[in-house]
Amino acid sequence: MPTLPTRQFDAHADQGASPLGQLPEWDLRDLYESPDCDALSEDLEWLETACAEFAADYDGKLDTLDADGMLACVKRDEQISQVAGRVMSYAGLRYYQNTVDADRAKFMADMQDRITTMTTQLVFYTLELNRLDDDKLAAMFDENEDLARYKPIFDRVRAMKPYQLSDELEKFLHDQSAVGAAAWNRLFDETIADLHFTVDGETLNLEATLNFLTEQDRAKREAAARELARVFGENVKIFARVHNTLAKEKEIEDRWRKMPTPQTGRHLANHVEPEVVEALRNAVVAAYPKLSHRYYELKRKWLGLDMLEVWDRNAPLPMEDTTLVDWDTAKTTVTEAYAAFDPRMAEIAEPFFAKGWIDAEVKPGKAPGAFAHPTVTNVHPYVMLNYLGKPRDVMTLAHELGHGVHQVLAADQGELLSSTPLTLAETASVFGEMLTFRKLLDEADSPEQKKVLLAGKVEDMINTVVRQIAFYDFECKLHAARREGELTPDDINALWMSVQAESLGEAFNFMEGYETFWAYVPHFVHSPFYVYAYAFGDGLVNALYAVYASGAEGFQDKYFDMLKAGGSKHHTELLAPFGLDATDPAFWDKGLQMISDLIDELEAMEA
């Protein structure tokens, strides 16, 4: 069933007066002109008819189809997915522009309800696919090359075969989804968007308050951190209820499906082996001392502190230039870095800036964070940012634009095969960041500037690898604990703190109230166990970049081929042309060594 974009007022102040310049805003008309336009009504009518006809033609009959008939069936399912995806993309993106707007929230909920009702008739489809005889299906693939192209889709569907419930129960779960997890996700989004924080007499939303944690002024960083703790503390019961309910709902469904672990569903969705994820997790945890512990000890000295506080984790260095980066400069920096790698990459990125595919300004009610949503393959992706002009915001632009480029390239695979597992979806985004960082590093005109850039990149990598694996461990502990009973806010707080000192090291004190900072992380709510994909992607890109930096012949063409593949190949197939293998436990050590080498470089600059 189509879902909301994973990952968030049209009228706003004159942007021309902003020191950031003219910030772009989405033009969603490429999806639909308006919520009441004829095209949307026509698509909903078509979808209702198409779902009913699909069910009438195929329910109980999949095992009677020959290869040509199966191909026709798959293509009809693909078209239904595309139209439903277009509707939900429009509803979701419009909602994320202003999550506290009641009309937008109602429209999104109404669309979700209508599409859920229509597509309930299609639940039989995957259930019957999983009952097909292996040999018969293999023979169909041998007979029809066009059908064989969809084999990865069949493989992913059939990976769920051991965990499939009865047809009746599967339909029940499908129907209930709109008032189950989706409703709790919406409560979380609306609660987060409606939080208000007061720092130095100014009332701010979450995104603007979090931005203060990267201010040069330490007193302002502390004030923001303490205000975050205060507001999270006041709302912690709501967040604890959301997490308790979603974790329990997941535990019930996992138990009925006989899934061996809470993480199994995510691994299946990511098309990645559990032992690969475990090897990644273990490699990162073992590397904490030589990565985060070592780096933060350096940072403690740079800041001239006896101990770091949590509000110092992302503090700029004392010598760092605090000048805001305007939008045009950010655009030029990223696109030039892309073009230096390959002009095709910059060409694909250009329409994002020119055609209203990016929404960058921080606005009341807009969801925090950033994402790139692929929408559907016959439209184009949209990128959401909350751009405040910090160097990290430039890297976020490079990251999300990398997703966008990947999604554009993969679109030729079609609706079913374009979607990339989360573990591989982070590849182009992190690679885009790396290209931008290397461009800036090459252009650094002083050792001090180089030091600032190196430190910033190390921090970003630690946030991507160490912090996200700590998040993953927190989630693992939370879901395991919830299986033993209801968790109080204090219980969840304790689980959060159990991974913080281990991952950050002895350089830190943890202020009272920091124990509630789990509350605002959207991945825990929207996509359980998503977070390890960031570490997977960073390790993958570090290994890939090492191949590129070695001058490997034809790297750019191989890289574009990898992105164009979308979800049509397993990670072992995608990495083989580069001589890489993520199933080798030593693979992760190579990626982590790159971070360690950068810290070595920083330490050498101190000597």
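Two residues are said to be in contact when heavy atoms of one lie within 4.5 Å of heavy atoms of the other. With this meaning in hand, the predicted model can be described first at the place where two of its helices meet, and then at the level of single residues and of the whole chain.

In helix 17, the residues His406, Leu409 and Ala410 meet Phe560, Leu563 and Lys564 of helix 24. Sorted by class, the residues of this contact comprise four that are nonpolar, one that is polar and one that is charged. Helix 17 spans residues 391-410 and helix 24 spans residues 555-564, and the two pack with their axes 7 Å apart, at an angle of about 75 degrees. Angles of 65 to 115 degrees count as roughly perpendicular, and helix 17 and helix 24 are therefore described as roughly perpendicular to each other.

Phe560 of helix 24, which takes part in the meeting with helix 17, is also in contact with Asp342. Asp342 is placed in the loop between helix 15, residues 327-341, and helix 16, residues 343-354. When its neighbours within four places in sequence are left aside, Asp342 is in contact with Gln556 as well as with Phe560. The relative accessibility of Asp342 is 8%, and because residues under 20% count as buried, Asp342 is placed in the buried class.

A second aspartate, Asp538, lies within helix 23, which covers residues 532-549. Its relative accessibility is 2%, so Asp538 likewise counts as buried. The residues that Asp538 touches, when those up to four places away in sequence are not counted, are Val430, Met461, Thr464, Val465 and Ile595. By contrast with these contacts, Arg29, which is 509 residues from Asp538 along the chain, has its C-alpha atom separated from that of Asp538 by 34 Å.

At the level of the whole chain, the model contains 26 helices and five strands. The radius of gyration of the chain is 24 Å, which is close to the 25 Å given by the globule rule for 607 residues, so the chain is as compact as a globular protein of that length. Taken along the principal axes, the box filled by the C-alpha atoms of the chain has dimensions of roughly 75 × 55 × 50 Å. Of the 607 residues, 58% count as buried, and both Asp342 and Asp538 belong to this class. The chain exposes an area of about 24,400 Å², of which 50% is supplied by carbon and sulfur atoms.

Key. Residues numbered from 1 in each chain as written. Predicted model: local features only at pLDDT ≥ 70, side-chain atom pairs only at ≥ 80, totals over all residues. Heavy atoms only, no water. Axes fitted to C-alpha atoms, helices over the stretch in contact; angles between N-to-C directions. Helix = DSSP H or I, 4+ residues; strand = E, 2+ residues; numbered from the N terminus. Parallel < 35°, antiparallel > 145°, perpendicular 65-115°, else oblique. Nonpolar A, V, L, I, M, F, W, Y, C, P; charged D, E, K, R; others polar. Buried < 20%, exposed > 50% of the residue type's maximum accessible area, 1.4 Å probe, protein only. Rg over C-alpha atoms; globule rule 2.2 N^0.38 Å. Areas by Shrake-Rupley, 256 points an atom, 1.4 Å probe, with all protein chains shown as cover.
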